[in-house]
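Here is a short report on one structure. Please look over the sequence and the model before reading on.

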Amino acid sequence: MRGLMQDWPLLCHRIIEHAAAVHGTQEVVTRSVEGPIHRTNYAEIRNRALKVSQCLDRDRIKLGDRVATIAWNTWRHLEAWYGIMGIGAICHTVNPRLFPEQIAWIINHAEDRVVMTDLTFIPILEKIADKLPSVERYIVFTDKAHMPQTTLKNAIAYEDWIAQADGNFKWKTFDENTAAAMCYTSGTTGDPKGVLYSHRSNVLHALMANSGDSLGANATDTMLPVVPLFHANSWGIAFSAPSMGTKLVLPGAKLDGASVYELLDTEKVTHTAGVPTVWLMLLNHIAANNLKLPHLRMVVCGGSAMPRSMIKSFLDMGVQVRHAWGMTEMSPIGTLAALKPPYSEFTGESRLDILQTQGYPPFGVQMKITDDADKELPWDGKTFGRLKVSGPAVSQAYFRVDANILDEEGYFDTGDVATIDKHGYMRITDRSKDVIKSGGEWISSIDLENLAVGHPAVAEAAVIGVYHPKWDERPLLIVQLKQGQSATREDILKFMDGKIAKWWMPDDIVFVDSIPHTATGKILKTALRDQFKTYNFPTAAA
Ligand code: ADP
């Protein structure tokens with residue numbers, strides 16, 4: 001027997017429709033790319049998003065067509081999102097920090113018909129435009145007064161473009177499983193892969209993000225997503241904030257410590273979200289200028305591990321932290337380290353221990369850890385294995401890639417290696433391609449790196465597994481020393497000794513002038529593995 005409830009498809013534009021109806025006067029404040037602070041509200045955003053839909057419809061953009069955005073977090077970008085999705089077209093957010101060839105590859109793979117962009121990115125696009133045959137026109141998020149001369153095909157200022165519409169238009173309706181948005185993974189290994197979100201997955205993900213133990217904001221709060229709209233849905237905030245009527249403050253192109261601080265302060269922001277690099281810049285600015293954060297209550301931090309010292313700095317200023325883990329393929333929320341019983345009682349260092357984990361999943365994310373033979377491992381907080389996930393906002397395939405990416409039980413392998421404790425708190429110990437497999441046992445490269453950077457002379461450390469005739473692989477520690485500082489191999493080994501299991505100790509240490517990084521700032525281990533592929537451990541002959 002079927003239930004007798006209404007068939008009410010979960011469509012993204014219902015969110016902005018709700019925001020306009022119930023929270024219409026709630027503000028959306030932006031530091032515009034042109035410079036000045038711009039203020040609007042959810043009712044206006046909804047009205048202008050409808051004009052975007054109307055213009056796209058008139059330009060014959062149809063259900064399933066891809067429309068790219070390469071843009072900062074601004075009110076215009078948000079309007080474009082809802083406008084694109086509101087006719088069943090697919091909003092393809094492109095990461096402008098990728099190399100121009102990667103951007104071209106991604107736009108061609110997605111076959112984007114329209115590109116919407118900021119003034120900032122016109123020069124990059126002009127350089128690659130002749131390699132983008134599918135793109136019919138460029139819409140620049142600005143007005144006539146700021147519109148530059150450009151060679152981009154059929155370029156028009158966004159304000160001129162939407163001025164052609166009267167807004168007398170209705171959102172389209174379609175099945176909730178229709179694709180709404182796409183985002184390519186950065187492709188550190190191989191070509192980038194297109195993750196294709198559906199309306200249903202985005203709406204359900206927004207509901208997951210809305211819980212007090214998730215992003216933690218509600219209608220009386222003000223949220224500043226420093227995390228970009230092009231970084232996995234800005235962690236769901238572009239849907240979550242309007243769905244709850246949370247005031248939004250959008251930072252535009254300026255993500256440096258001083259600019260972010262100014263917005264946090266003047267707009268009395270209560271909640272903010274971003275990657276550790278951003279918080280490092282903010283904390284440095286605060287320390288250098290002896291500032292305070294009187295309004296801020298919560299910093300959500302994810303994308304890479306949040307250092308303990310950073311957690312402590314925020315706590316010392318009376319700001320809660322919420323360490324989060326996720327990935328593009330998960331829309332992206334996977335886990336969040338809210339404190340729940342019995343940990344909510346913890347204080348001091350043991351409280352920090354829990355806040356530093358990647359946290360537990362909200363309802364809608366299922367996790368398991370497995371060994372190489374796919375056998376499930378216990379949730380004991382010690383055993384680590386491949387972290388696999390399933391849920392209604394987790395990928396089941398990549399765009400135009402004909403390969404199964406799920407295991408027999410329908411779980412997606414995150415590529416991370418983790419422990420899970422009996423209360424569901426997950427801790428990342430490595431990426432699966434980086435974990436060192438020594439005599440059948442696994443050694444966490446991240447744990448060794450974190451330990452090594454604790455040595456006062458070490459600027460950065462990377463650990464890779466190198467061939468060993470007896471153990472298959474053993475850890476090699478690669479160290480970049482701080483400028484003007486010195487330390488020997490023995491100094492660092494002595495510093496690490498006793499802090500980890502004996503068999504985890506690196507077999508050797510090499511010193512380098514610089515450690516290579518990816519476009520997104522992660523250590524480029526493939527390059528290090530290449531550089532040291534003929535390396536022999538001094539003790540390996542034995
Ligand atoms: P990409 O994989 O394309 O670089 P993602 O943003 O999807 O981009 O990255 C997801 C990966 O980032 C995760 O699989 C994990 O390895 C890492 N990551 C994300 N959040 C955290 C975190 N809080 N701690 C440690 N690693 C994290």
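## Backbone exceptions

Pro342 sits in the loop between β15 and α12. The peptide bond that joins Pro341 to Pro342 is cis, and its omega is near 5 degrees. This is a predicted model.

Another cis bond runs from Ser331 to Pro332, with omega near 10 degrees. Pro332 belongs to the loop between β14 and β15, where β15 spans 333-336. Asn154 stands out by its phi, which is positive at near 50 degrees although the residue is not glycine. Its loop links β6 (137-140) to β7 (156-157). As background, most peptide bonds are trans, and a negative phi is the rule for most residues other than glycine.

## Ligand shell

Which strand gives the most residues to the shell around the ligand? Strand β14, residues 320-326, does, with four. The ligand has 16 residues around it. Ser186, Ala324, Thr328, Asp416 and Arg431 come nearest. By class, the shell holds nine polar, four nonpolar and three charged residues.

## Polar contacts and cover

Two backbone contacts go to nitrogen atoms of the ligand. For Ala324, a backbone N or O atom lies 2.7 Å from a ligand nitrogen. For Ala305, a backbone N or O atom lies 3.2 Å from a ligand nitrogen. Arg431 uses its side chain instead: a polar atom there lies 2.7 Å from a ligand oxygen.

How much of the ligand does the protein cover? On its own, the ligand has 570 Å² of accessible area, and the protein covers 89% of that.

## Helix pair α11 and α12

Helix α11 covers residues 308-316, and helix α12 covers residues 348-355. Their axes come within 10 Å and cross at roughly 115 degrees. Is the crossing left-handed or right-handed? The crossing of α11 and α12 is right-handed.

On the α11 side, the contact involves Arg308, Ile311, Lys312 and Leu315. On the α12 side, Glu349, Leu352, Asp353 and Leu355 meet them. What is the make-up of this contact by class? Four of its residues are nonpolar and four are charged, with no polar residue. Arg308 and Lys312 count as charged, as do Glu349 and Asp353. Ile311 and the leucines count as nonpolar.

Notes: Residues numbered from 1 in each chain as written. Predicted model: local features only at pLDDT ≥ 70, side-chain atom pairs only at ≥ 80, totals over all residues. Heavy atoms only, no water. Axes fitted to C-alpha atoms, helices over the stretch in contact; angles between N-to-C directions. Helix = DSSP H or I, 4+ residues; strand = E, 2+ residues; numbered from the N terminus. Left-handed = near helix turned anticlockwise from the far one by under 90°. Contact = heavy atoms within 4.5 Å. Near = heavy atom within 4 Å. Polar contact = N/O pair within 3.5 Å; in protein donor to acceptor, adjacent residues only side chain to side chain. Areas by Shrake-Rupley, 256 points an atom, 1.4 Å probe, with all protein chains shown as cover.
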